[in-house]
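Please open the structure in your viewer and set it to a cartoon view, with side chains ready to be switched on. The tour below moves from one selection to the next.

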Amino acid sequence: MKKLLITRVIAQPVLDQAAQLFDLMIRKDGSGMNEDECAVALSAYDAILPTLGDQFTAGAFQKAQAGGLRCRMLGNFGVGYNHIDAAAASAAGVIVSNTPDVLTAATADIGMTLILSTCRRASEGERMLRAGKWGGFGPKSMLGTEVSGKTLGIVGMGRIGQAVAHRGHYGFGMPVIYFNRSKKDAGLPARQVETLHDLMAEADIVVVTVPGGGPTTKLIDRAAIAAMKPSGIFVNISRGEVVDEAALIDALEAGAIAGAGLDVYEKEPYVPERLRALENCTLLPHLGSATVETRQAMGQMALDNIIAWDKGLEPPQRVN
Ligand code: GLV
C-alpha cells in the first residue's frame, strides 16, 4: 500500500475510501503547511492530497530532493493550484492534478452574492441593524446601486467567468463585456473587449475570475483600478495576488470607486485593518467553493486522480 497524506480533514466518505486504498495519514491541523513541512511531506509520502495554503514552492521540491524525494503525485483539492510550483513539480517528476468544473457553480454563486451584497449595501445594512443603529425605513436611507441592467465586466472568460456571465445576463438582464488574453467565445451574448483598460473603464461591475499564479500576479494594478468609473463596483473571486490590494484600498478610501466585494486576499487569512474598516466593502472568508456538495465533490475528484495514478493510469485532471 502506498503512503498518502491528506493535509486537511475533508468529507468523511472520501477519507473512508482513501483509508481502504492507502496507508493514510490525515493532518488534523487546520492551517496551511509551510515550505519546510511540505518538503518533509514530499520526502515521507508517495502521494499527497494538499490544498490552498500548503506551500509546495520550488524551495520545497529542492529541499525534498536534497534529502530524497519520495512523492510522485499531488492531487490538489481546489481548482486553483498557484500554491504549488507546477514547473518545479514537473522537474522533480511529480504529477499535479486539480479539481475543475465541480466548483464552478458554487463559485459563480459567491460572485453573485458579492455583486448583490455590495451593490445593495447588504452587509453594511446588516452590521448597522445588528449594532442596534437602524432608525427605520427611510425613502433616502441606505440607497445602493441597482444591479439589473448594469454592464457586467468579466476579467478572464474561463469556466467560472462564463458561469458568472450566464447568471448576470440571464438572471439580471446585464449586458456582458469581457477581457480575455486569447480570443474566446463566451457561449452567450457578450462582447470581448481589446484591453483590460477598456473593460475596467466600461463596466459598472467588474468581476475577476482569472486563475492565480505568475502571469496574472497584480494584473489588476493601480492603473487598472484608476480606469474604473467612480460608481464602479469591483469583485474578486479568483486570487488575492491578482489585485494590487493597497491600490484597491486607496481607491475605496478615496471614493474613487463605489465599493468592492472580495472573497480572496493577498495574504490570506490576513485581511488589512484598512480594508476591514471600510463600510463600502463586502468581505467574505474565501467561501467560493464552500458548500457541502461542492467540497465533497472536490475531495472525491482529488482522490480519484490519486487512485488513477496509483493504478498506473493518467490522472484525468492532470495539470503539468
Ligand atoms: C478555491 O479557491 C479553489 O481554487 O478551488
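What follows is a walk through two sheets and some of the helices beside them. Keep in mind throughout that this is a predicted model.

**First stop: the seven-stranded sheet**

Begin by selecting the strands of the open sheet whose order is S8-S7-S6-S9-S10-S11-S12, where the pairing is parallel. At its edges you will find strand S8 (191-192) and strand S12 (281-283), each of which pairs on one side only.

Now select strand S9, residues 205-208, and show its side chains: Ile-205 and Val-207 point one way, Val-206 and Val-208 point the other way, and all of them are buried. This can be read against a general pattern, since in a regular strand the side chains alternate between the two faces of the sheet.

Which strands should be added on either side of S9? One is strand S6 (residues 152-155), which runs parallel to S9 and is joined to it by four bridges, and another is strand S10 (residues 233-236), also parallel to S9 and joined to it by four bridges. Val-206 is a useful residue to centre on here, because of nothing more than its place in the order of the strands: Gly-153 stands opposite Val-206, and Val-206 in turn stands opposite Phe-234 in S10.Moving on to strand S11 (residues 259-262), you can see that S11 and S12 pair in the parallel sense over three bridges, with Ala-260 standing opposite Cys-281 in S12.

**Second stop: helices H7 and H5**

Next select helix H7, residues 159-172, which lies across S6, strand S7 (176-179) and S9 and runs at about 175° to S6. Add helix H5, residues 104-119, which packs with H7 at an angle of about 55°, their axes being 9 Å apart. That angle makes H5 oblique to H7, and the crossing of the two helices is right-handed. To look at the contact itself, show side chains including Ala-108, Met-112 and Leu-116 of H5 together with Ile-160, Val-164 and Phe-172 of H7. Taken by class, the contact of H5 with H7 has eight nonpolar, three polar and three charged residues.

**Third stop: helices H2 and H3**

Turn now to helix H2 (residues 35-44) and helix H3 (residues 58-67), which pack at an angle of about 45° with their axes 8 Å apart. H2 and H3 are therefore oblique to each other, and their crossing is right-handed. Among the residues that make this contact are Cys-38, Ala-39 and Leu-42 of H2, and Ala-60, Phe-61 and Lys-63 of H3; the residues of the contact divide into six nonpolar, two polar and three charged.

Which residues of H3 are buried? They are Gly-59, Ala-60, Phe-61 and Ala-64, and what covers them includes H2, strand S4 (73-75) and helix H4 (86-91). Before leaving H3, select Gly-68 just after the helix, where phi is positive, at about 105°.

**Last stop: the five-stranded sheet**

Finally, select the open sheet of five strands with the order S2-S1-S3-S4-S5, in which the pairing is parallel. Its edge strands are strand S2 (23-26) and strand S5 (95-97), each pairing on one side only, and neighbouring strands of this sheet are turned by 15° against each other on average, direction ignored. S4 and S5 pair in the parallel sense over three bridges, and Met-73 stands opposite Ile-95 in S5. End by adding helix H12 (residues 292-310), which packs on this sheet, touching strand S1 (3-6), strand S3 (47-49), S4 and S5, while its direction makes about 170° with that of S3.

How values were computed
Residues are numbered from 1 along each chain as its sequence is written. This is a predicted model: local features need pLDDT of at least 70, side-chain atom pairs count only at pLDDT 80 or more; totals for chains, interfaces and linings use all residues. Side-chain values use heavy atoms; hydrogens and water are left out. Buried means under 20% relative accessible area, exposed over 50%, partly exposed in between (1.4 Å probe, protein chains only). Two strands pair if DSSP finds at least two bridges between them. Axes are lines fitted to C-alpha atoms, for helices over the stretch in contact, and angles run from 0 to 180 degrees between N-to-C directions. Angles under 35 degrees count as roughly parallel, over 145 as roughly antiparallel, 65 to 115 as roughly perpendicular and the rest as oblique. A crossing is left-handed if the near helix is turned anticlockwise from the far one by less than a right angle, and right-handed if clockwise. Contact means heavy atoms within 4.5 Å. Ala, Val, Leu, Ile, Met, Phe, Trp, Tyr, Cys and Pro count as nonpolar, Asp, Glu, Lys and Arg as charged, and the others, Gly among them, as polar.
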